[in-house]
Amino acid sequence: MVLVLRSGCMNDIVPKLYATLCEKQASDVQKDNPAADMLVDSFGRLHTYLRISLTERCNLRCQYCMPAEGVELTPSTRLLSQNEIIRLADLFVSSGVTKVRLTGGEPTIRKDIEEICLELSSLNGLKTLAMTTNGIILANKLPRLRECGLSLLNIGLDTLVPAKFEFMTRRKGHDRLMKSIELTSWIWV
């Protein structure tokens, strides 16, 4: 949401408006945890949601996201290791973050995704472990991810028409994506 205010008489409304958009107020920060101050923005909002990109790799080449030939990827030695991801998340959760969302690229192509979910879900204070995925290989991993503590899932679906999907993503896989969506209906019941 973008809010543009042009009138000087609106200035006293802005802090109230921003305050209603956040989960908690800065006054809700634990007084015994000075590290939690880093989660308060300049509008006094306490941010309790952390997004961690596990990889920049993706198994699609969506026209709106990546060139057909792909992009130059960061060497794996420069990406966060499993231990670094857990340590980073633990620091944020101990400071007041209650929700972590795993993203990418495509997080399900990371070989240690299940172990990462298992360790993250065991962090004391973490209430929600979420993931955003394109769903192409999700069906193979979803039961185990659920067992490992994944509690929310966002599956991107650009179109219900297989030919349009293939055109937009430059890859086949609409049927696998739909299978993943169908699988979620009985796993999350």
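**Exercise 1. Count the helices and strands of the protein chain, and give the order in which they follow one another.**

Solution. In this predicted model, the protein chain has six helices and six strands. Reading along the sequence, the order of these elements is α-β-β-β-α-β-α-β-α-β-α-α. The chain has 189 residues, of which 37% count as buried. As for contacts with a separation of 6 or more, 67% of them join residues that stand 24 or more positions apart.

**Exercise 2. Decide which parts of the protein chain have the lowest and the highest mean pLDDT among its elements.**

Solution. Begin with the chain as a whole, where the mean pLDDT is 83 and 80% of the residues reach 70 or more. Next, take the elements: helix α1, residues 14-21, has the lowest mean pLDDT, at 41, whereas α3 has the highest, at 98. Then consider the stretch of residues 1-22, over which pLDDT stays under 50 and for which the model has eight contacts beyond four places in sequence. Where pLDDT is low, predicted coordinates should not be read in detail.

**Exercise 3. Describe the largest nonpolar core, and then follow the contacts of L102, one of the residues with the most contacts inside it.**

Solution. The largest nonpolar core has 34 residues, and those with the most contacts inside it are I52, V100, L102, L120 and L129. At least two residues of this core come from each of β3 (49-53), α2 (82-94), β4 (99-103), α3 (113-121), β5, α4 (138-147) and α6 (174-187). Now turn to L102 and leave aside its neighbours within four places in sequence: its contacts include I52, L120 and L129, together with L54, P107, I113, I116 and C117. The contacts of L102 also include A130, M131 and T132. As a general background to such a core, nonpolar side chains tend to be buried together in soluble globular proteins.

**Exercise 4. Describe the volume and the lining of the largest pocket and of the second largest pocket.**

Solution. Take the largest pocket to begin with, which holds about 390 Å³ of space. Its lining is made of 25 residues, and C58, C62, Y64, G105 and N134 lie nearest the centre of the pocket. The elements that give two or more residues to this lining are β5 (128-133) and α5 (162-169). Sorted by class, the lining of the largest pocket has 11 nonpolar, nine polar and five charged residues.

Go on to the second largest pocket, whose volume is about 190 Å³. The residues lining this second pocket are L54, T55, R57, S76, L79, L80, I109, R110 and K111. By class, four of them are nonpolar, two are polar and three are charged.

**Exercise 5. Work out whether T184 is buried or exposed, and say which residues it contacts beyond its neighbours within four places in sequence.**

Solution. T184 has its place in helix α6. Its relative accessible area is 18%, and because buried means under 20%, T184 counts as buried. Its contacts, with neighbours within four places in sequence left aside, are L142, L153 and I155.

The last of these residues, I155, lies in strand β6. With its own neighbours within four places left aside, I155 is in contact with T184, and also with T133, N134, G135, L138, L177, S180 and I181. I155 and I136, which are 19 residues apart in sequence, have a C-alpha to C-alpha separation of 9.5 Å.

**Exercise 6. Place G156, T159 and R170 in their loops, and decide how accessible each one is.**

Solution. Start with G156, which sits in the loop between β6 (152-155) and α5. At a relative accessible area of 38%, G156 is partly exposed. Beyond its neighbours within four places in sequence, G156 is in contact with T133, N134 and L177.

T159 also lies in the loop between β6 and α5, but T159 is buried, with a relative accessible area of 11%. Its contacts beyond four places in sequence are K164, F165, M168 and H174. The C-alpha atoms of T159 and H174 are 8.9 Å apart, although 15 residues separate the two along the chain.

Finally, R170 lies in the loop between α5 and α6 and, at 30% relative accessibility, counts as partly exposed. R170 has a positive phi of about 60 degrees although it is not a glycine. Most residues other than glycine have a negative phi.

Terms used:
Residues are numbered from 1 along each chain as its sequence is written. Side-chain values use heavy atoms; hydrogens and water are left out. On a 1 Å grid over the protein atoms alone, a cavity is a set of points where a 1.4 Å probe fits but cannot get out, and a pocket is an open set with protein on both sides within 12 Å along at least five of seven lines; lining residues have an atom within 4 Å of a point. Grid points are joined across faces, edges and corners, and a volume is the space filled by probe spheres set on the points. Helices (H or I, at least four residues) and strands (E, at least two) are DSSP runs, numbered from the N terminus. Ala, Val, Leu, Ile, Met, Phe, Trp, Tyr, Cys and Pro count as nonpolar, Asp, Glu, Lys and Arg as charged, and the others, Gly among them, as polar. Buried means under 20% relative accessible area, exposed over 50%, partly exposed in between (1.4 Å probe, protein chains only). Contact means heavy atoms within 4.5 Å. A nonpolar core is a set of buried Ala, Val, Leu, Ile, Met, Phe, Trp, Tyr and Cys residues joined through side-chain atoms within 4.5 Å. pLDDT is the predictor's confidence in each residue, from 0 to 100.
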